[in-house]
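Student: Could we take a close look at one part of this structure together? I would like to follow the aromatic rings and what surrounds them.

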Amino acid sequence: YLSILCNFGIGGIFFLITMLFAGIYYAYKIFKEDIEFQNNSELALFALLYLIFLSVIFITGGSGYNSMELWFLSGMIAGLRAKEES
């Protein structure tokens, strides 16, 4: 997280944390609400666990600005959320 702060400033770290923790929150929400129907619960659980794993990696020294997994999983959760609302 400090490398992001040094490279991109407060705006960059805010964007990274928003993508990471909002992805975790919405993946948990989709998993919790969709567990009866089993439509997207496995995919949401996968994304939730992978995002938690990525947050631990970022704390121990990884840089999140070039991590394509973060952007892919956040986009996947956004797509699942849009699918649930329609």
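Which residue lies over the face of Tyr-26, and at what distance from the ring centre?

Tutor: Happy to help! Keep in mind that this is a predicted model. The residue you are after is Arg-81, which lies over the face of Tyr-26 at 4.0 Å from the ring centre. Tyr-26 is partly exposed, with a relative accessible area of 24%.

Now to the ring pairs. The structure holds 3 aromatic pairs. In one of them, the ring centres of Tyr-25 and Tyr-26 are 5.0 Å apart and the planes stand at 70°, so this pair is edge-to-face; the cut-off for that class is over 60 degrees. Tyr-25 is partly exposed too, at 47% relative accessibility.

Let's move on to helix H2, which covers residues 41-59. Phe-46 and Tyr-50 both lie in this helix, 4 residues apart, or about one turn. Their ring centres are 5.8 Å apart and their planes meet at 45°, so the pair counts as tilted. Phe-46 is partly exposed at 45%, and Tyr-50 is partly exposed at 28%. Through ring pairs, Phe-46, Tyr-50 and Phe-53 are linked into a cluster.

Phe-46 and Tyr-50 are also among the H2 residues that meet H3, where their partners as a group include Leu-73, Met-76 and Ile-77. By class, this contact has 13 nonpolar residues, no polar ones and 1 charged residue. H3 spans residues 68-85, and the two helices pack at an angle of about 150° with their axes 10 Å apart. Their crossing is left-handed.

Terms used. Residues numbered from 1 in each chain as written. Predicted model: local features only at pLDDT ≥ 70, side-chain atom pairs only at ≥ 80, totals over all residues. Heavy atoms only, no water. Axes fitted to C-alpha atoms, helices over the stretch in contact; angles between N-to-C directions. Left-handed = near helix turned anticlockwise from the far one by under 90°. Contact = heavy atoms within 4.5 Å. Nonpolar A, V, L, I, M, F, W, Y, C, P; charged D, E, K, R; others polar. Phe/Tyr/Trp six-rings, centres within 6.5 Å; stacked < 30°, edge-to-face > 60°. Buried < 20%, exposed > 50% of the residue type's maximum accessible area, 1.4 Å probe, protein only. Lys NZ or Arg CZ within 6 Å of the ring centre and 35° of its normal.
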